[in-house]
Amino acid sequence: MKVDGKPYRTIWLGADGTTVQAIDQTLLPHKFVVRDLKTAEDAERAIRTMIVRGAPLIGAAAAYGMALAMATDPSDAMLAKAHAALLASRPTAVNLRWALDDLRALLSPLPPAKRREAAYKRAAEICDEDVEICRRIGENGLAEIRRLKPHGDRINALTHCNAGWLATVDWGTALAPIYQAHNAGMPIHVWVDETRPRNQGASLTAWELGKHGVPHTVIADNAGGHLMQHGRVDFCIVGTDRTTRRGDVCNKIGTYLKALAAHDNGVPFYVGVPYPSIDWTIDDGHREIPIEERHAHEVSRMTGRSATGEVVTVDILPEGSPAANPAFDVTPARLVTGLITERGVCTASEAGLLSLYPEQARAA
Ligand code: MRU
């Protein structure tokens with residue numbers, strides 16, 4: 001997507017052929033800064049501190065982290081060390097494990113001298129594949145949006161967190177259908193949940209929709225149910241960090257509450273799901289997905305621009321009040337209207353997913 005007229009991806013290989021570059025998402029929307037990642041430790045830190053975030057981008061950054069490790073030391077010991085360190089950087093998004101296991105399976109049988117080149121090549125392929133997956137999710141989601149409003153009337157979407165191009169390599173998952181609808185001239189408007197505590201909606205989704213000229217309004221996280229009761233939301237669409245075999249959807253904390261409100265109000269609730277976000281090894285999202293607990297400071301503090309233009313962080317809790325910060329929740333499959341994948345749209349169920357991914361059927 002373009003930032004002030006210049007096309008960008010969220011992550012790319014620098015001109016020297018070794019350094020990886022990424023947009024620093026901790027500074028948006030106030031500053032646009034590109035960071036250099038020169039080592040596997042830099043990649044691990046970028047994921048852990050959320051310089052890069054969003055499940056597909058975490059996977060892409062981890063793949064480049066393995067390449068950076070191989071550029072430093074292509075030994076078996078380094079391969080194992082980089083895999084373990086990157087895997088521990090964030091627990092919930094399954095794209096991380098998917099990308100790391102993919103790279104390890106590719107690199108392990110190769111002689112060390114060939115690993116660097118192979119790792120960079122595969123990391124670049126993962127990025128290109130992600131762009132294509134997201135583009136197709138956009139196409140499939142657009143068809144669904146056209147079905148909801150066949151006469152081309154104004155349509156109001158609601159999204160939570162950031163599952164736009166910043167969360168992927170390009171296009172996004174939940175926002176890809178919205179970009180495609182906007183590009184096709186449909187009158188689409190997006191309610192953007194601010195997404196406390198880190199405000200990915202207010203800081204990132206609003207920023208990228210604004211840069212692309214998509215009409216949007218930021219709302220407090222608590223406003224969605226009210227808007228749905230008053231018929232002001234035609235559909236909800238979110239991303240996912242991990243979707244289970246039977247269609248339970250783990251995503252940013254607060255997604256579940258939106259799905260409950262959507263269900264109660266008969267509002268369709270869609271999830272953009274790229275295949276690397278599906279965890280075929282588990283069924284029950286509620287019991288089996290590790291939920292990241294992040295630092296209480298993300299709840300007790302807020303960062304923003306002061307009247308003088310300075311970016312400042314302030315405490316908002318009474319001194320001594322503890323805070324808890326579970327970062328994700330699980331929306332049970334029964335609350336999800338459809339999973340929008342790169343292969344098409346299906347029900348949130350094992351049968352639905354297997355209709356699109358028959359190769360994942362368990363051996364009888
Ligand atoms: O903690 P974050 O910002 O990495 O969480 C991001 C989300 O929850 C996204 O909705 C999800 O990763 C899907 S991104 C296409």
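How many cavities of 30 Å³ or more does a search of the whole structure find? The search finds three. The model searched here is predicted.

## The largest cavity

Start with the enclosed space. The largest cavity has a volume of about 190 Å³. Its lining is made up of 24 residues. Nearest its centre lie Gly54, Ala55, Asn162, Asp241 and Asn251.

Two elements, α2 and β11 (249–252), each give two or more residues to this lining. Helix α2 gives the most, with three residues. By residue class, the lining of the largest cavity splits into nine nonpolar, eleven polar and four charged.

## The largest pocket

Now the open space. The largest pocket holds about 690 Å³. It is lined by 25 residues, and Thr26, Arg198, Ser203, Met302 and Thr303 are the closest to its centre.

Four elements give two or more residues to the pocket lining: α7, α11 (297–300), β14 (301–305) and β15 (311–315). The lining of the largest pocket contains nine nonpolar, ten polar and six charged residues.

## A three-stranded sheet and helix α2

Strands of a sheet pair through backbone hydrogen bonds, either parallel or antiparallel. One open sheet here has three strands, in the order β3-β4-β5, and its pairing is antiparallel. Strands β3 (11–13) and β5 (34–37) stand at the edges. Each has a single partner strand, so one side of each is left without a neighbour in the sheet. From one strand to the next, the twist averages 25°.

Four bridges link β4 (residues 20–23) to β5 in the antiparallel sense. Alanine 22 has arginine 35, in β5, as its bridge partner. Helix α2 (residues 55–72) packs on this sheet and touches β3, β4 and β5. The direction of α2 makes about 25° with that of β3. Helix α2 also serves the largest cavity, with three residues in the lining.

## A four-stranded sheet and helix α9

Another open sheet has four strands and mixed pairing, in the order β13-β10-β11-β16. Its edges are β13 (278–279) and β16 (328–331). Each edge strand has a single partner, so one side of each is left without a neighbour in the sheet.

Strands β11 and β16 run antiparallel and are joined by four bridges. Cysteine 250 stands opposite valine 330 in β16. Helix α9 (residues 255–264) packs on the sheet, where it touches β11 and β16. The direction of α9 makes about 30° with that of β16.

## Helix α6, mostly covered

Is helix α6 mostly covered or mostly open? Mostly covered: seven of its nine residues, in the run 175–183, are buried. The buried residues are Leu175, Ala176, Pro177, Ile178, Tyr179, Gln180 and Ala181.

These buried residues pack against helices α5 (112–148) and α7 (200–212). They also pack against strands β6 (155–159), β7 (188–193) and β9 (235–238). Helix α7 also gives two or more residues to the lining of the largest pocket. Glycine 185 follows α6, with a positive phi near 90°.

## Alanine 77, out in the open

Alanine 77 is found in helix α3 (residues 76–87). Is alanine 77 buried or exposed? Its relative accessibility is 59%. Exposed means over 50%, so alanine 77 counts as exposed.

Alanine 77 can also be set beside alanine 143. The two are 66 residues apart in sequence. In space they are 48 Å apart, C-alpha to C-alpha.

Key:
Residues are numbered from 1 along each chain as its sequence is written. This is a predicted model: local features need pLDDT of at least 70, side-chain atom pairs count only at pLDDT 80 or more; totals for chains, interfaces and linings use all residues. Side-chain values use heavy atoms; hydrogens and water are left out. Buried means under 20% relative accessible area, exposed over 50%, partly exposed in between (1.4 Å probe, protein chains only). Contact means heavy atoms within 4.5 Å. Two strands pair if DSSP finds at least two bridges between them. Axes are lines fitted to C-alpha atoms, for helices over the stretch in contact, and angles run from 0 to 180 degrees between N-to-C directions. On a 1 Å grid over the protein atoms alone, a cavity is a set of points where a 1.4 Å probe fits but cannot get out, and a pocket is an open set with protein on both sides within 12 Å along at least five of seven lines; lining residues have an atom within 4 Å of a point. Grid points are joined across faces, edges and corners, and a volume is the space filled by probe spheres set on the points. Ala, Val, Leu, Ile, Met, Phe, Trp, Tyr, Cys and Pro count as nonpolar, Asp, Glu, Lys and Arg as charged, and the others, Gly among them, as polar.
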